[in-house]
Amino acid sequence: MSKMTFKEVNIKNRRATFDYAIGDTFTAGIVLTGTEIKSIRLGKASLVDTYCYVHNGEVWVKNMYIAEFFYGTYNNHAERRERKLLLNKKEIRELEKANKEPGCTIVPLRLFISQRGYAKLVIGIGRGKKEYDKRQTIKEREDKRTMARLFQKR
């Protein structure tokens, strides 16, 4: 029996690192249905406008888009339903404490499939950046590109 191979799934939230200064990061498992994992393996997911919150000692991800599975029947899932994240109690307490601080939020950074075939979500504690911080980030990125071009010509 041969194992099916899928393309490498690595869905990033590029907007998160632009809008937030990321502190601690955690890797969490996600509770999914059958059609959801099939869509993720095909790369049909997005983390735009997604955030996490803690409720009753559980961490939930809200507004994460996973496209309906093309071959799904009446069993197909809702595209933007809330999904539970799997973390240790210690990690949940840390996230809950950070979420209570003003200006902090829990932001999903990356969605990937682990070596064992499970969907994992990397989340981080983000502190909102000001407008001048965003301009500084853009300037640093442009400087890196310029340096790379200069060294590449040699």
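The buried residues of helix H2 are covered by several strands, including E3 (45-46), E6, E7 (83-86), E8 (104-113) and E9 (119-128). Helix H2 itself spans residues 34-41, and its buried residues are Thr 35, Glu 36, Ile 37, Ser 39 and Ile 40. Keep in mind, as you turn the structure around, that this is a predicted model. Just after H2 comes Gly 43, with a positive phi of about 80°.

**Backbone turns in the loops**

Which residues other than glycine have a positive phi? One of them is Asn 56, with phi near 55°. To find Asn 56, look in the loop that runs between strand E4 (51-55) and strand E5 (58-62). Another is Asn 63, whose phi is about 70°. Follow the chain past E5 and you will meet Asn 63 in the loop that leads to strand E6 (65-66). The surroundings of these two asparagines can be described by their accessibility. Asn 56 counts as exposed because its relative accessibility is 68%, over the 50% cut-off. Asn 63 is partly exposed, with a relative accessible area of 26%.

**The cysteines**

How many disulfides does the model have? The count comes to 0. A little chemistry helps here: a disulfide is a covalent bond between the sulfur atoms of two cysteines. To be counted as a disulfide, the two sulfur atoms must lie within 2.5 Å. The sulfur of Cys 52 has its closest cysteine sulfur in Cys 104, 14 Å away, so a bond is ruled out by distance. Starting from Cys 104 gives the matching answer, since its closest cysteine sulfur is that of Cys 52, at 14 Å, too far for a bond. Are these two cysteines buried or exposed? Cys 52 is buried, with a relative accessible area of 2%, and Cys 104 is buried too, at 13%.

Here are the accessibility values for some of the residues in this report.

| Residue | Relative accessible area | Description |
|---|---|---|
| Cys 52 | 2% | buried |
| Cys 104 | 13% | buried |
| Asn 63 | 26% | partly exposed |
| Met 147 | 44% | partly exposed |
| Asn 56 | 68% | exposed |

**A nonpolar patch on the surface**

Which residues make the nonpolar surface patch of about 320 Å²? Met 147, Leu 150 and Phe 151 form this patch together. You can locate Met 147 in helix H4, which covers residues 131-153. With a relative accessible area of 44%, Met 147 is partly exposed.

Note on methods:
Residues are numbered from 1 along each chain as its sequence is written. This is a predicted model: local features need pLDDT of at least 70, side-chain atom pairs count only at pLDDT 80 or more; totals for chains, interfaces and linings use all residues. Side-chain values use heavy atoms; hydrogens and water are left out. Buried means under 20% relative accessible area, exposed over 50%, partly exposed in between (1.4 Å probe, protein chains only). Helices (H or I, at least four residues) and strands (E, at least two) are DSSP runs, numbered from the N terminus. Patches are made of residues with over 30% relative accessible area and no salt bridge: like charges are joined within 9 Å, nonpolar side chains (Val, Leu, Ile, Met, Phe, Trp, Tyr) within 5 Å. Accessible areas come from the Shrake-Rupley method with a 1.4 Å probe; for residues, only the protein chains shown count as cover. A salt bridge is a side-chain nitrogen of Lys or Arg within 4 Å of a carboxyl oxygen of Asp or Glu. Contact means heavy atoms within 4.5 Å.
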